[in-house]
Structures are given as structure tokens and as C-alpha cells.
Amino acid sequence: MRVSIRPPHPDDAAALREAVLRSVAHLSPWNPVDPDGFHELMRRQGLELRTFLIVNDEDGGIVGKCNVANIVRARFRNASLGYDSYLPYNGTGRMSEGMRLVVDRCFTSYPDGLGLHRLEINVQPDNTRSLAMAKRLGFRHEGFSPRMLFINDAWRDHERFALTAEEWPGLSA
């Protein structure tokens, strides 16, 4: 592995802002881009949202970010993954490596992981890179949701993908 994952720390604000600013053209067709949203992201961390930064081990640069959102416990033990990759690392395979670590952490039992059973990824149909990521990770296509999320001033269609812990070959616990 060339990357590691970790929760964001307060001192990551400047580095994440720079990564987002470098990647605006890359991100903006698919997500709202807020280079100054770090403090709000940190405020929202808790039982329903966990964020992981994917960090390049060689230079410490931020490869990407993955939000594990809408975490539901009890009998469902489900969450949705949303992710952004940042320049200059996109297209190098590092984001895929990091996402494998995130999925593994999600499916790993407490205390080392989140103890989830099912993960979802929802991707706009024209976002070919994110569709490829979901498939590379082994997520299965479950369907199509018209007008699912309000992004960039419009309701956007999404392809739905899911994966359960039993399907995850990387599960270590």
C-alpha cells in the first residue's frame, strides 16, 4: 500500500483546502465544492458521520476524502460512502487503495472498525470514474434512483451500488 487512512485533525484545514482548490474543475461537475467547509465537516463528525482522509505515505499529501455518512446501527448497520479524489493523485490507483482501507475499516468489528454490515455508494450516471471505483471495490449494482440528490442546483439521478460484509474479500476481522 502507498496510502494510509485516518480521521481528519483540526490542523488538516489548510492542506485539505489546498487539495480542494487544486481539484475544483475535477470535482465541481459532481459535487458542490467548498474549500472552506472543513470546520463544518469537523463539527458534524459523530455517530452518523465519520470522515477518513486518504494520505499518500511518501509525501503526506491528501489523496482524497471519504465520508461514511448516514450511519445506522442496530439491525440495519448500514452507511453510505461518498468520496472525492484530489489532484495530483487521481488516476494513480492511490484512491482505490485508500477506499479499500476505508471499506475494510467499515466492516471490521469494534473496537478497531465501525462494525457495519452493509455499505452503499450512489453515483451520478455520467461520473465514469466514480462508477469505476464502485465496481473496482466489488459493489454490485442495485438500481437507478431518479432525482435522488440535490447537487449543484438540480435534482440528480444516481446509480445505486451496495456491498455486504460477507461479500468483502478484504475483511480482516
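Select helix 5, residues 128-136: its buried residues are Ser130, Leu131, Met133 and Ala134. Seen around the helix axis, these four cover an arc of only 155°, and therefore sit on the same side of helix 5. The model on screen is a predicted one.

The spacing follows a general rule. An α-helix has 3.6 residues a turn, so residues three or four places apart point the same way.

Now colour the other side of helix 5, where Thr128, Arg129 and Lys135 are exposed. To see what lies over the buried residues, show strand 4 (78-85), helix 4 (94-107), strand 5 (118-123) and strand 7 (154-164), which are among the elements that cover them. Then step just past the end of helix 5 to Gly138, whose phi is positive, at about 90°.

**The whole chain**

Zoom out and switch to a cartoon view. The protein has five helices and seven strands. Reading from the N terminus, the order of elements is β-α-α-α-β-β-β-α-β-α-β-β. The radius of gyration is 15 Å and the globule rule gives 16 Å for 173 residues, so the protein is as compact as a globular protein of that length. Along the principal axes, the C-alpha trace spans about 40 × 35 × 30 Å.

Colour by accessibility next. Of the 173 residues, 46% count as buried. The protein exposes about 9,200 Å², and carbon and sulfur atoms supply 51% of that area. For a contact map, take the contacts with a separation of 6 or more: residues 24 or more positions apart account for 61% of them.

**A salt-bridge network**

Show the side chains of Arg118, Glu120, Arg140, Glu142 and Glu167, which are linked in a network of salt bridges. The structure holds eight salt bridges.

Start at Arg118. Its side chain meets that of Glu120 in a salt bridge, with N to O at 2.5 Å. Is Arg118 buried or exposed? Arg118 counts as buried, at 16% relative accessibility.

Move to Arg140, which forms a salt bridge with Glu142; the closest N and O atoms are 3.8 Å apart. Arg140 is partly exposed, with a relative accessible area of 32%. Glu142 also counts as partly exposed, at 35% relative accessibility.

Arg140 has a further partner in the network: the side chains of Glu167 and Arg140 meet in a salt bridge at 3.5 Å, N to O. What does this pair tie together? Arg140 belongs to strand 6 (residues 140-151) and Glu167 to the segment after strand 7, so the salt bridge ties together parts that are 27 residues apart in sequence. Glu167 counts as partly exposed, at 37% relative accessibility.

**Two cysteines**

Select Cys66 and Cys106 and measure between their sulfur atoms. Why is there no bond between them? The closest cysteine sulfur to that of Cys66 is in Cys106, at 6.6 Å, which is too far for a bond. The search from the other end gives Cys66 as the closest to Cys106, again at 6.6 Å. A disulfide needs the two sulfur atoms within 2.5 Å, and by this rule the count comes to zero disulfides. As for their surroundings, Cys66 counts as buried at 0% relative accessibility, and Cys106 is buried with a relative accessible area of 0%.

**Val63 and its neighbours**

The last stop is Val63, in strand 3 (residues 62-72). Val63 counts as buried, at 1% relative accessibility. Which residues does Val63 touch, not counting residues up to four places away in sequence? Select Val3, Ile54, Val55, Asn56, Asp84, Ser85, Tyr86, Tyr89, Arg94 and Met95 to show these contacts.

To finish, draw a distance from Val63 to Met99. The two are 36 residues apart along the chain, and their C-alpha atoms are separated by 11 Å.

Notes. Residues numbered from 1 in each chain as written. Predicted model: local features only at pLDDT ≥ 70, side-chain atom pairs only at ≥ 80, totals over all residues. Heavy atoms only, no water. Buried < 20%, exposed > 50% of the residue type's maximum accessible area, 1.4 Å probe, protein only. Helix = DSSP H or I, 4+ residues; strand = E, 2+ residues; numbered from the N terminus. Arc of directions from axis to C-beta. Contact = heavy atoms within 4.5 Å. Salt bridge = Lys/Arg side-chain N within 4 Å of Asp/Glu carboxyl O. Rg over C-alpha atoms; globule rule 2.2 N^0.38 Å. Areas by Shrake-Rupley, 256 points an atom, 1.4 Å probe, with all protein chains shown as cover.
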